Amino acid sequence: MNRLENRLALVTGASAGIGAATARALASEGARVILAARRLDRLQALSKELPGSRVVQLDVQDAAGTLAAIQAVLEEGEFIDLAVLSAGLARGFEPIQEGDPEEWSEVIDTNIKGVLHGLKAVLSGMIARRTGDVVFLGSVAGRWVYPGGALYCASKYAVRALYEGARQDAFGSGVRFTSVDPGMVETDFSSIRFRGDEQRAKAVYAGVDPLTPDDVADAILYAVTRAPNVNIGEIVMWASAQASVTACKRET
Ligand code: 8X3
């Protein structure tokens, strides 16, 4: 189908995981996708699969660099009318008293400032043209806190505040806002959180059938393909085996 024909979509964090799956899903519906992330080689490989896509190398932590890079990839008269702000990460699983301030900064700068920088790049144009969709990649960690997750959870609570705030600031503009808040999704999220400790990362998903990046992309696609009078606000999604941020049924 081509429900997103004529749409120009920005996906941040498009080099892997949920971002890459979302880029594929949007392209499968005819969107021209701008693939944004730090890892150029991965973006280029994905772009070869997706007709009409283009790549932009950027680090969402860098405000000026993000705005300039996105501007530079647009042709005269083009504007982004769909943005999925999926760049995000966690570092560490320590209690606050043992946390590393440098890692906190990286998480805050990516998950909170990165979303703000993405919004800054697209929102004025959407409001001026009175159309657009912005999808925030939240998390169940933006609704409930778990031990060892305080800073990551705080960053995702902030994403939810930005989602709600953007809805209110752009009130009446015709721009739609959605927050998609998944629980456990099997990506390289845990490997990054555990600083490359693959065994520890694998243990997170052991004995569980977690959500996949495609499951989350499917929810995003649902939200952005509704009739214009419908704004899907928030989608909370869990693996069937996950009851809460601390309860997961594992097959042994
Ligand atoms: C990732 C979900 O529960 O590991 O956003 O924090 S969780």
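Buried means under 20% relative accessible area. The structure shown in these close-up views is a predicted model.

**View 1. Strands S6 and S7 in the predicted model.** Strand S7 covers residues 234-237 and has two faces. Ile235 and Met237 make up the covered face, while Glu234 and Val236 make up the uncovered one. S7 pairs with strand S6, which spans residues 175-182. The two strands pair in the parallel sense, over four bridges. One residue pair can be picked out here: Ser179 has Glu234 of S7 as its bridge partner.

**View 2. The largest pocket, with a volume of about 1200 Å³.** Its lining consists of 49 residues, and the closest to the pocket centre are Ala90, Tyr152, Thr187, Phe189 and Ser190. Several helices supply at least two lining residues each, namely H1 (17-28), H5 (150-169), H6 (189-193) and H7 (198-205). Strands S8 (242-244) and S9 (247-248) also supply at least two each. Which helix gives the most to this lining? H6 does, with four residues. Sorted by class, the lining of the largest pocket holds 26 nonpolar, 15 polar and eight charged residues.

**View 3. The second largest pocket, holding about 160 Å³ of space.** A set of 17 residues lines this pocket, and Arg91, Glu94, Trp104, Gly148 and Leu151 are the closest to its centre. The elements that give two or more residues to the lining are helix H4 (101-129) and helix H5. H5 also supplies at least two residues of the lining of the largest pocket, shown in View 2. By class, the lining of the second largest pocket has eight nonpolar, four polar and five charged residues.

**View 4. The surroundings of the ligand.** The residues around the ligand are Ser139, Val140, Ala141, Tyr146, Tyr152, Gly183 and Phe189. Tyr152 and Phe189 also appear in View 2, among the residues closest to the centre of the largest pocket. Which side chains place a polar atom 2.6 Å from an oxygen atom of the ligand? The side chain of Ser139 has an N or O atom at 2.6 Å from a ligand oxygen. The side chain of Tyr146 likewise has an N or O atom 2.6 Å from an oxygen atom of the ligand. For Tyr152, a polar side-chain atom lies 2.6 Å from an oxygen atom of the ligand.

**View 5. Thr12 in strand S1.** Strand S1 runs over residues 8-12, and Thr12 lies within it. Is Thr12 buried or exposed? Thr12 counts as buried because its relative accessible area is 5%, and the cut-off for buried is under 20%. A polar atom of the Thr12 side chain lies 3.1 Å from the backbone nitrogen of Ala87.

**View 6. The largest cavity, with a volume of about 30 Å³.** How many cavities of 30 Å³ or more does a search of the whole structure find? The search finds one. Thr12 and Ala87, the two residues of the contact in View 5, both belong to the lining of the largest cavity. Val60, Leu85, Thr110, Gly114, Val115 and Gly118 line the cavity as well. H4 provides the largest share of this lining, four residues. By class, the residues of the cavity lining divide into four nonpolar and four polar, with no charged residue.

Conventions. Residues are numbered from 1 along each chain as its sequence is written. This is a predicted model: local features need pLDDT of at least 70, side-chain atom pairs count only at pLDDT 80 or more; totals for chains, interfaces and linings use all residues. Side-chain values use heavy atoms; hydrogens and water are left out. Buried means under 20% relative accessible area, exposed over 50%, partly exposed in between (1.4 Å probe, protein chains only). Two strands pair if DSSP finds at least two bridges between them. On a 1 Å grid over the protein atoms alone, a cavity is a set of points where a 1.4 Å probe fits but cannot get out, and a pocket is an open set with protein on both sides within 12 Å along at least five of seven lines; lining residues have an atom within 4 Å of a point. Grid points are joined across faces, edges and corners, and a volume is the space filled by probe spheres set on the points. Ala, Val, Leu, Ile, Met, Phe, Trp, Tyr, Cys and Pro count as nonpolar, Asp, Glu, Lys and Arg as charged, and the others, Gly among them, as polar. A residue is near a molecule or strand if one of its heavy atoms lies within 4 Å of it. A polar contact is a pair of N or O atoms within 3.5 Å; within protein, one must be able to donate a hydrogen and the other to accept it, and residues adjacent in sequence count only if both atoms are side-chain atoms.
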